[in-house]
Amino acid sequence: MHLDVRNVSKRFGSKAAVERMSFTLDGSGFVGIIGRSGAGKSTFLRMLNRLTDATEGEILADGKDILKLRGAEKRAWQSQCAMVFQQFNLVPRMDVASNVLHGLLGRRPMMATLFNLWSEDDIARALAILDRLGIAEQAPKRAEALSGGQQQRVAIARALMQDPEIILADEPIASLDPMNAQIVMDTLKRINVEDGRMVIANLHTLDTARRYCDRVIGMRDGRVVFDGTPEQLTRGAARDIYGADASFSESATSTDLGALQPDDQYAAALLGD
Ligand SMILES: Nc1ncnc2c1ncn2[C@@H]1O[C@H](COP(=O)(O)OP(=O)(O)OP(=O)(O)O)[C@@H](O)[C@H]1O
């Protein structure tokens, strides 16, 4: 997939949430968009997925401007780029397997969905995806009974059910503790590497971007102020992105992934899953 973002802006009244954003992406990398709260990261992902309309600009996906798509073509694009949200956005009282099957919404007739008529193939695929993500045994439970990290994996499974080319993750680990954050990031990375699906993730923190991304885009006040590899993300570049003064410290933007001892992880994994 070749994505060409050209001068994309979004204004809310007189306020620009995203201002003339431009960059290109090729292939199937793991892309992190970083920046402070309010920098415009979510707004950009929502425009890319067409949950929100851009005020101006173009986003060419393999040459076609996806900002102009309507009706069935727009829905087809939305199923090609599945979203994962900070708050998981599952149906809490519904069982995990059904939540995953809901990734097929929009691809099937309304009546079949209303009566929960999933085909055996669909059900088998949903269970296989849950198994791949290490949560097969959670399938019959209500989504609300799971831990945050498990719920986010269910949300990723739902996204995979769409068989998307791109996964858009909007702060996927911002509500999780460090251990679950690591499991969720590892899961996204695995899908990226094993399936060749592009992942574009909004991330709060530098260390996560450095650890998981091939490419980092830094935003500040709606603008792209950094575009490069994790290695190029120096302290000075980080200052530009986060706008911090001399008291800038990496710890302020760290989620502390990897701070857990291996033994803690093992024990927690035994207890948690
Ligand atoms: N629906 C809206 N109406 C008005 N202003 C909005 C709306 N959505 C976002 N904004 C504003 O646009 C700017 C960018 O917001 P956005 O949520 O994209 O930032 P962000 O980088 O994703 O931050 P966060 O990590 O807090 O979600 C903010 O100033 C925000 O207040």
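Begin by selecting Leu3 together with Ala61: in this predicted model, Ala61 of strand 4 is the bridge partner of Leu3.

Next, extend the selection to the two strands concerned. Strand 1 covers residues 2-12 and strand 4 covers residues 56-61. The two pair in the antiparallel sense, over 5 bridges.

Now display the whole sheet to which strand 1 and strand 4 belong. The sheet is open and is built from 4 strands, arranged in the order 2-1-4-5 with antiparallel pairing. At its edges, select residues 15-26 for strand 2 and residues 64-65 for strand 5; each of these edge strands pairs on one side only.

With the sheet still shown, add residues 41-48. This is helix 1, which lies across strand 1, strand 2 and strand 4. To view its direction, compare helix 1 with strand 2: the helix runs at about 60 degrees to that strand.

Then colour the chain by pLDDT. The mean for the chain is 88, and 85% of its residues reach 70 or more. Where in the chain is confidence highest, and where is it lowest? The highest value belongs to strand 4, at 98, whereas the lowest is found in helix 10 (residues 262-272), at a mean of 40.

Two stretches deserve separate selections. In residues 245-249 the pLDDT is below 50, and the stretch has 2 contacts in the model beyond near neighbours in sequence. In residues 258-273 the pLDDT is likewise below 50; here the model has 8 contacts beyond near neighbours in sequence.

To close the tour, return to the full model, which scores ipTM 0.93 and pTM 0.88.

Note on methods:
Residues are numbered from 1 along each chain as its sequence is written. This is a predicted model: local features need pLDDT of at least 70, side-chain atom pairs count only at pLDDT 80 or more; totals for chains, interfaces and linings use all residues. Two strands pair if DSSP finds at least two bridges between them. Two residues are in contact if their C-beta atoms, placed from the backbone, lie within 7 Å. Axes are lines fitted to C-alpha atoms, for helices over the stretch in contact, and angles run from 0 to 180 degrees between N-to-C directions. pLDDT is the predictor's confidence in each residue, from 0 to 100.
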